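Trainee: Could you go through this one with me? I would like to take it slowly, with the terms explained as we go.

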Amino acid sequence: MVLTDREIQVAIQNQQILIDPPPSDIAAYSSTSLDLTLSKFLRVWKPTTVAGVDQIVCPATPGYSYNDFVKAYAEPREIGAEGYVLEPKSFVLGWTVETIELPPTSRLAARVEGKSSLARLGIGIHVTAPTIHAGFKGPIQLEFCNHGLLRVKLLTGMPICQLIFEQTLGTPEKGYKGQFFGQEAH
Amino acid sequence: MILVLSSNVSEGLVPAERIARVQDADGRFEEVSVSIKDIKDDKLIASEIGRVPGKVLVELPRESASGRWRVWVKDTEVAV
């Protein structure tokens, strides 16, 4: 079941959903979602295509470090007052201002989804991994892709994505600290 | 919640995150980007899922770089 705006607010009041900073404006809600905003932090992938050089990344390789890969191939940038222009066909990592925490005992999970205002311009904010699992803590990492034909400016603090909260059926195993390990679920 | 003593923690991509590398029971490393709230005393806080002799199955706070959520670690490498 998807939570409505009223249920999201109740869950925040009851600390079943922790958001820092909390929504300052009721306008951040829609009937069934809560908007989050864009932080100043970006990682911008460097061009890796060199004529005659075939570069391949394989995450399944033993010892693969995504962190090392990003640090080597994606430049840290901070969005200034002038904003950041997302070029057509570009791919950039970003984060939400808000940090989210969904305690596993809250029986809640969420999905991060784009906003139609940006989608209409061709901007995707995630690449097929929208699930915010029960127990998640932290800012939400976004994967921006400009599928459109226009250059689109991103500004710090702009509404960038929305969270849709869903009730889980039961508490995940980690909420029980392993006490039911090996037992069959009923 | 348990502390994974074998975890090695370093700076994340943004101030609110850290990178933790966890050594599994077979000696392989899993790298995971986590919240600073998932770190205590420079060690990763994970969830215990179960135990067998000598090993503990832990669920990482987020999916690792190789796509895993759960890893077996040596029981000597965790602390309650």
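Mentor: Let us begin with a term: helices (H or I, at least four residues) and strands (E, at least two) are DSSP runs, numbered from the N terminus. With that in hand, A:Asp25 can be placed in the loop between β1 (18–20) and β2 (29–30) of chain A. Keep in mind that this is a predicted model, in which local features need pLDDT of at least 70 and side-chain atom pairs count only at pLDDT 80 or more, while totals for chains, interfaces and linings use all residues. Residues are numbered from 1 along each chain as its sequence is written, and chains are lettered from A and ligands numbered from 1 in the order in which they are written.

Trainee: Okay, is A:Asp25 buried or exposed?

Mentor: A residue is buried if 20 or more other C-beta atoms lie within 10 Å of its own, exposed if 12 or fewer, and partly exposed in between, with C-beta atoms placed from the backbone. A:Asp25 is exposed, because it has 7 other C-beta atoms within 10 Å. From A:Asp25 to A:Ser39 the distance is 17 Å, C-alpha to C-alpha, and the two are 14 residues apart in sequence.

Trainee: And what about A:Phe165, where is that?

Mentor: A:Phe165 sits in strand β12 of chain A, and it counts as buried because it has 24 C-beta neighbours inside 10 Å. Its C-alpha atom is separated by 4.2 Å from that of A:Ala110, although the two are 55 residues apart along the chain.

Trainee: What does A:Phe165 touch?

Mentor: Two residues are in contact if their C-beta atoms, placed from the backbone, lie within 7 Å. Not counting residues up to four places away in sequence, A:Phe165 touches A:Leu3, A:Ile8, A:Ile17, A:Leu108 and A:Ala110.

Trainee: Which residues touch the most other members of the largest nonpolar core?

Mentor: A nonpolar core is a set of buried Ala, Val, Leu, Ile, Met, Phe, Trp, Tyr and Cys residues joined through C-beta atoms within 7 Å. The largest one has 34 residues, and A:Leu102 and A:Ile132 touch the most other members. Its largest share, five residues, comes from β3(A). There is also a second, separate core of 18 residues, which includes B:Ile49, B:Val56, B:Val58 and B:Val71.

Trainee: Switching to chain B, how many helices and strands are there?

Mentor: Chain B has zero helices and nine strands. Of its 80 residues, 45% count as buried, and its C-alpha atoms fill a box of roughly 40 × 25 × 20 Å along the principal axes.

Trainee: Do any of those strands make a sheet, and in what order?

Mentor: Strands pair if DSSP finds at least two bridges between them. In chain B, an open sheet of three strands has the order β2-β3-β4, with antiparallel pairing. The edge strands are β2 (8–11) and β4 (29–35), each of which pairs on one side only. Between β3 (residues 17–23) and β4 of chain B there are seven bridges, and the partner of B:Val22 in β4(B) is B:Glu30.

Trainee: Last thing, how many residues of the two chains are in contact?

Mentor: The contacts involve 23 residues of chain A and 23 residues of chain B. On the side of chain A that touches chain B, β3, α2 (66–73), β6 and β10 each supply at least two residues.
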